[in-house]
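User: I'd like to learn how to read a structure like this one, one feature at a time. Could you show me the model and start with burial?

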Amino acid sequence: MQYLNAGASGYLNKETSEEEMKNAINSMMLSGKYLTQNVKDRILDSYITKKPTNPLDLLSNREIEVAQLLIKGYGNLEILELLNIKKTTVSTFKNRIFEKLEIDNLADLIRFFQLYYDE
């Protein structure tokens, strides 16, 4: 989804069959675009459920700010000093971030930001 949001006209993954590659090339020549059925399904699902295609859209500005500091390696004490908030507030933000993104560790948070965050 991130590539489409960035302006890509099509998408194939590295495990695409030869037949699907042929279909994609033909489609690109005819219409200038091609999406796998999986990507089409994800777009339709997000439209029907009104769920954002970028999960980071679920986070508030402050949650994004806290997440960025966590990714940079700051601990809770450093974050509370930088943002001038209480320690419990930092923990609350961290819990909300992980809950909204349905993750449970910092490595997953880093991956989300690598995939979806546009500065």
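Analyst: Sure, and keep in mind that this is a predicted model. A residue is called buried when its relative accessible area is under 20%, exposed when it is over 50%, and partly exposed in between. Now try that on Thr 36: its relative accessibility is 8%, so Thr 36 counts as buried.

User: Where does Thr 36 sit in the chain?

Analyst: Thr 36 is in a loop, the one that joins α2 (18–31) to α3 (37–49).

User: And which residues does Thr 36 touch, leaving out those up to four places away in sequence?

Analyst: With those left out, Thr 36 touches Tyr 11, Leu 12 and Glu 20.

User: Let's zoom out. How many helices and strands does the protein have?

Analyst: You'll find 7 helices and 0 strands. Reading from the N terminus, the order is α-α-α-α-α-α-α.

User: How do I read the overall dimensions?

Analyst: Put the radius of gyration beside the value for a compact globule with that number of residues. For 119 residues a compact globule would be near 14 Å, but this protein comes out at 19 Å. The C-alpha trace spans about 55 × 30 × 25 Å along the principal axes.

User: What percentage of the residues count as buried?

Analyst: Of the 119 residues, 26% do. The accessible surface comes to about 8600 Å², and carbon and sulfur atoms hold 50% of that. As for contacts between residues at least 6 apart in sequence, 53% of them join residues at least 24 apart.

User: Now for charges. What's the general idea behind a salt bridge?

Analyst: Side chains of opposite charge can pair when their charged atoms come close. The cut-off used here is a Lys or Arg side-chain nitrogen within 4 Å of a carboxyl oxygen of Asp or Glu. Searching the whole structure with it gives 5 salt bridges. On the global side, there are 15 positive and 17 negative charges, and their mean positions are 4 Å apart.

User: Can you walk me through one inside a single helix?

Analyst: Take Glu 65 and Arg 62, whose closest N and O atoms are 2.9 Å apart in a salt bridge. Both residues belong to helix α4 (residues 61–71), and they are 3 residues apart, about one turn of the helix. Glu 65 has a relative accessible area of 30%, so it is partly exposed. Arg 62 is partly exposed as well, with a relative accessible area of 30%.

User: Which residues form salt bridges with Glu 63?

Analyst: One is Arg 96, with the closest N and O atoms 3.9 Å apart. That pair links distant parts of the chain, since Glu 63 is in helix α4 and Arg 96 is in helix α6 (residues 87–101), 33 residues apart. Another is Lys 100, where the closest N and O atoms are 2.9 Å apart. Glu 63 lies in helix α4 and Lys 100 in helix α6, so this pair ties together parts that are 37 residues apart in sequence.

User: Is Glu 63 buried or exposed, and what about Arg 96 and Lys 100?

Analyst: Glu 63 is buried, at a relative accessible area of 1%. Arg 96 is partly exposed at 41%, and Lys 100 is partly exposed at 33%. Put the pieces together and you have a network of salt bridges that links Glu 63, Arg 96 and Lys 100.

Note on methods: Residues numbered from 1 in each chain as written. Predicted model: local features only at pLDDT ≥ 70, side-chain atom pairs only at ≥ 80, totals over all residues. Heavy atoms only, no water. Helix = DSSP H or I, 4+ residues; strand = E, 2+ residues; numbered from the N terminus. Rg over C-alpha atoms; globule rule 2.2 N^0.38 Å. Buried < 20%, exposed > 50% of the residue type's maximum accessible area, 1.4 Å probe, protein only. Contact = heavy atoms within 4.5 Å. Areas by Shrake-Rupley, 256 points an atom, 1.4 Å probe, with all protein chains shown as cover. Lys, Arg positive; Asp, Glu negative; His and termini not counted. Charge placed at Lys NZ, Arg CZ, Asp CG, Glu CD.
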